[in-house]
Amino acid sequence: DVRGGIGLVFINDEGGSMFLHVARVVPDGPADMSGMLSPGDRLVAIDGIEIGSAPPGESPQLPGPHGTPVTLTFHRAANGRAFYDGCEVYTFNVNLRRSRDFFPDKLTQNS
């Protein structure tokens, strides 16, 4: 079974939440080709299931079989910069198709 990713590098949320933030969009990957994602966007759900809300072992996974679709839900700070308590956020979905050329997606320690 060939695995696929979406071409994103993530960083942990500085506030200590379970959410991940986009640190970098990999050029020419599925995420980049969507034209919708930017560094700082916060991943909050995968295929309609909020990060951290599923029972252990049932959480949706970002990587998956090559060529399969995945819907990601993101928040973007309305000010276009940093998230803070009470800030206004835009919520949007991005529909992507996983690619073996961009597997695995990464988690980095610094932006």
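Me: In strand 5, which residue is the bridge partner of I46?

Reply: First, the general idea: strands are DSSP runs of E, at least two residues long, numbered from the N terminus, and two strands pair if DSSP finds at least two bridges between them. Here, I49 in strand 5 is the partner of I46. Strand 4 and strand 5 (residues 49-50) are antiparallel, with two bridges. Their hairpin has two residues between the strands, and D47 there takes a positive phi near 50°.

Me: What kind of model is this, and how are residues numbered?

Reply: The model is predicted, so local features need pLDDT of at least 70 and side-chain atom pairs count only at pLDDT 80 or more, while totals for chains, interfaces and linings use all residues. Residues are numbered from 1 along each chain as its sequence is written, and side-chain values use heavy atoms, with hydrogens and water left out.

Me: Back to strand 4: which residues stand opposite R42 in strand 3 and strand 7?

Reply: H21 stands opposite R42, and in strand 7 the partner is H75. Strand 3 (residues 20-25) joins strand 4 in the antiparallel sense over two bridges, and strand 7 (residues 69-77) runs antiparallel to strand 4 with four bridges.

Me: Is strand 4 mostly covered or mostly open?

Reply: Buried means under 20% relative accessible area, exposed over 50%, partly exposed in between (1.4 Å probe, protein chains only). Strand 4 (residues 42-46) is mostly covered, with five of its five residues buried.

Me: Which residues touch the most other members of the largest nonpolar core?

Reply: A nonpolar core is a set of buried Ala, Val, Leu, Ile, Met, Phe, Trp, Tyr and Cys residues joined through side-chain atoms within 4.5 Å. This one has 16 residues, and I6, L8, L37, L72, F74 and L96 touch the most other members. Strand 2 (8-12), strand 3, strand 4, strand 7 and strand 8 (89-97) each supply at least two residues of this core.

Me: And what lines the second largest pocket?

Reply: On a 1 Å grid over the protein atoms alone, a pocket is an open set of points where a 1.4 Å probe fits, with protein on both sides within 12 Å along at least five of seven lines; lining residues have an atom within 4 Å of a point. The lining here includes F10, L43, I46, D105 and K106. Strand 4 and strand 9 (106-108) each supply at least two of the lining residues.
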